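Q: I would like a close look at a single part of this model, together with what surrounds that part. Please walk me through the details as you would at the bench.

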Amino acid sequence: MPSKEQIVKAMDEWLSTERLHPAEIGMIDQLRTVAEYGWSSFRASALMFRETMPDIVISAVTKARKQGKCKEWPQ
């Protein structure tokens, strides 16, 4: 289980992705905020985003990975 610091660092890396849509930025920023409360809160929010906005999640992850980011996080 990753620490709060590891999750925040991963979200910061993800936010550095070029050409993210405002909806993608908002989702990642919200995940970063929730990460401050720990793994359980982060996981619950990540699962909610995956279930309710799968296209935005997939798009943001794809953009980051094409730029060599998010190799380990998020999964």
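A: Contact here means heavy atoms within 4.5 Å. With that in hand, let us start with Ser45, which sits in helix H3; helices (H or I, at least four residues) and strands (E, at least two) are DSSP runs, numbered from the N terminus. Leaving aside residues up to four places away in sequence, Ser45 touches Leu31 and Val34. Ser45 counts as buried because its relative accessibility is 18%, where buried means under 20% relative accessible area, exposed over 50% and partly exposed in between (1.4 Å probe, protein chains only).

A word on what you are looking at: this is a predicted model, in which local features need pLDDT of at least 70 and side-chain atom pairs count only at pLDDT 80 or more, while totals for chains, interfaces and linings use all residues. Residues are numbered from 1 along each chain as its sequence is written, and side-chain values use heavy atoms, with hydrogens and water left out. The mean pLDDT (the predictor's confidence in each residue, from 0 to 100) of the chain is 93, and 95% of its residues reach 70 or more. Among the elements, H2 has the highest mean pLDDT, 97, and H1 the lowest, 93.

Helix H3 also holds both Trp39 and Phe42, three residues apart, about one turn of the helix. The structure has one aromatic pair. Trp39 and Phe42 form that pair, with 6.1 Å centre to centre and 35 degrees between the planes, and it is tilted. For such pairs, the rings of Phe, Tyr and Trp (its six-membered ring) must have centres within 6.5 Å; planes under 30 degrees apart count as stacked, over 60 as edge-to-face and the rest as tilted. The two partners sit in unlike surroundings: Phe42 is buried at 3% relative accessibility, whereas Trp39 is partly exposed at 26%.

From H3 we can step to helix H2, where Arg32 lies. Arg32 is partly exposed, its relative accessible area being 26%. Again not counting residues up to four places away in sequence, Arg32 touches Val8, Met11, Asp12 and Leu15. Arg32 and Ala44 are twelve residues apart in sequence, and their C-alpha atoms are 13 Å apart in space.

H3 also helps to cover helix H4: what covers the buried residues of H4 includes helix H1 (4-15), helix H2 (22-35) and helix H3 (39-52). Those buried residues are Val57, Ala60, Val61 and Ala64. Looking down the axis of H4, they fall within an arc of 95 degrees, so they line one face of the helix; the arc is that of the directions from the helix axis to the C-beta atoms. Asp55, Ile58 and Lys66 are exposed on the other side of H4. After H4 comes Gly68, with a positive phi near 80 degrees.

Stepping back, the chain has four helices and zero strands, in the order α-α-α-α along the sequence. Of the 75 residues, 35% count as buried. Among contacts with a separation of 6 or more, 61% come from residues 24 or more positions apart. Along its principal axes, the C-alpha trace spans about 30 × 25 × 20 Å.
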